[in-house]
Amino acid sequence: MGSDSVYTKQQRIAELAERLPAAVLTTLSHHVDMEWMREAYRLTRKDASAGVDGVTASDYEKDLEGNLRLLLERFKSGSYRAPAVLRVYIPKEGGRKRPIGIPALEDKILQRVVVMLLTPIYEHDFLDCSYGFRPGRSAHQALERLWQVSMSMGTRCWVLEVDIKSYFDTVEPRYVREFLGKRVRDGVVKRMVGKWLKAGVMEDGQVAYPKRGTPQGGVISPLLANIYLHEVVDTWFEEQVRPRLRGKGELIRYADDFVIVFSNRTDAERVQAVLPRRLARYGLAIQESKTRLLDFSRPRDDESRPGKFDFLGFTHYWGKSRKENWVIQRKTSGKKLRRSIRRFYQWCRKNRHMPVSEQWDKICRKLRGHYGYYGITGNYRNLKGFYEQAKRSWRKWLDRRTREKDMTWEKFNKLLKRYPLPEPRIVHRYT
């Protein structure tokens, strides 16, 4: 019943945003009540790591109603103080590490509250070229759109790959406030977003207050990123760039990862030249080594194949179909495949002493998750490769459970009859 009530309120907000597309909305927080808070808590991950205060979901649920009621009062009165975000690092390709932020539990709840308020507004405002972290949209829809656009341009096609350098570390908080203020000026919401932008970061017990950037990991970070890039990239391309193009051009963006497809090379070169200045105006920079313009025109039978590019974990390239026609094909990018294999290998190593039945259950979930994303038409060979590497990794670390090392392939194949692993399968079929 609570979810229906919240949904009804969100519908009203969405209708208001649609009816007043150019208006600044000044009253939103009055929608937030205990039902809204309960729904926000329901949508908050309970198994995530604790923030700087060490409070876990199980601790919070000991007096859930009381805690939520007090949090609601502090949210509306402005007395809530956003704690620093705990910074941790996760490994990246090449031995590097990526910082992410872990907000405190109450921060996560309030961020979900604000996301639930803002999403109905911005889902009306955001353009079709944006696919990341939006309800009802996915990476596979972005991939399908990219395929359709590139195939339609076919004989004359150039792809501009763009990589924004350290996006979440370089975002300018003043522009976040400015862009948000174009549509929302509710005092409670603006104050709350401002507190998150100033909350600081705790690392090794010390709190720092960087002047730029927003920590990754927060519930509201993807929405703020979309609002930022909607103004800086999407609207700019649609309103200023597209009308000036001689040929066709289409932007496809997933969060801070985007490509632009052109039918005219001169258009592509002009946009490539002006894009760094556009981003620099708002504190962002191009990663030169990962940004390039690629001739992606359909090859002729007497020509060598054009280049290939990576987007959303897939390598895109031209190949022959079963009917000997040139089509754009996709496969798991080499970097993503190596990382997936390495992570699986490390998991088997770390959890080799877990009961076999539990290992099997978790491994099946990992394989299905991999197929669920990478199981795309034309990618069966790489799915099979991952599956075979997964079997080798599991057998190797089962073999090292004891000193005898008696998990031969013959014995392992018998074990697979009792604990069969899910075979590779294509989940997303595109024509």
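This passage describes the overall dimensions, the sheets and the aromatic contacts of a predicted model.

The protein chain contains 15 helices and 11 strands. Its radius of gyration is 24 Å, which agrees with the value near 22 Å that a compact globule of 431 residues would have. Along the principal axes, the C-alpha atoms fill a box of roughly 65 × 65 × 45 Å. Of the 431 residues, 47% count as buried, and among the contacts with a separation of 6 or more, 70% are accounted for by residues 24 or more positions apart.

An open sheet of 4 strands, with antiparallel pairing, follows the order β6-β7-β3-β8. Because β6 (249–254) and β8 stand at its edges with a single partner strand each, one side of each of these strands is left without a neighbour in the sheet. On average, and with direction ignored, neighbouring strands of this sheet are turned by 20° against each other. The pairing of β6 with strand β7 (residues 257–262) is antiparallel and extends over 6 bridges, with G249 standing opposite F262 in β7. Helix α10 (residues 221–241) packs on this sheet, where it touches β6 and β7, and the direction of the helix makes about 170° with that of β6. Helix α11, in turn, lies across β3 (158–163), β7 and β8, and runs at about 15° to β3.

Another open sheet, again of 4 strands, has the order β2-β1-β4-β5, and its pairing is mixed. Here the edge positions are taken by β2 (97–102) and β5 (206–208), each of which has a single partner strand and therefore one side without a neighbour in the sheet. The twist from one strand to the next averages 40°. Within this sheet, strand β1 (residues 85–91) and strand β4 (residues 201–203) pair in the parallel sense over 2 bridges, and V85 stands opposite V201 in β4.

A search of the whole structure for aromatic pairs finds 19 of them. One of these is the edge-to-face pair of Y175 and Y282, whose rings lie 5.0 Å apart centre to centre, with 70° between the planes. This pair links distant parts of the chain, since Y175 belongs to helix α8 (residues 173–181) and Y282 to the loop between α11 (265–280) and β8 (292–295), 107 residues apart. Y175 has a relative accessible area of 11% and is therefore buried; Y282, at 9%, is likewise buried. Both tyrosines belong to a cluster in which ring pairs link Y167, F168, Y175, F179, Y228 and Y282.

An edge-to-face arrangement is also found for F344 and F386, at 6.1 Å centre to centre and with 75° between the planes. Because F344 lies in helix α12 (residues 334–350) and F386 in helix α14 (residues 380–399), this pair ties together parts that are 42 residues apart in sequence. Both F344 and F386 are buried.

Aromatic rings also take part in arrangements with charged side chains. The charged end of K320 sits over the ring of W326, at 4.9 Å from the ring centre, while R400 lies over the face of W397, at 5.7 Å from the centre of that ring.

Methods
Residues are numbered from 1 along each chain as its sequence is written. This is a predicted model: local features need pLDDT of at least 70, side-chain atom pairs count only at pLDDT 80 or more; totals for chains, interfaces and linings use all residues. Side-chain values use heavy atoms; hydrogens and water are left out. Rings of Phe, Tyr and Trp (its six-membered ring) pair if their centres lie within 6.5 Å; planes under 30 degrees apart count as stacked, over 60 as edge-to-face and the rest as tilted. Buried means under 20% relative accessible area, exposed over 50%, partly exposed in between (1.4 Å probe, protein chains only). A charge sits over a ring if NZ of Lys or CZ of Arg is within 6 Å of the ring centre and within 35 degrees of the ring normal. Two strands pair if DSSP finds at least two bridges between them. Axes are lines fitted to C-alpha atoms, for helices over the stretch in contact, and angles run from 0 to 180 degrees between N-to-C directions. The radius of gyration is taken over C-alpha atoms; the globule rule is 2.2 Å times the number of residues to the power 0.38. Contact means heavy atoms within 4.5 Å.
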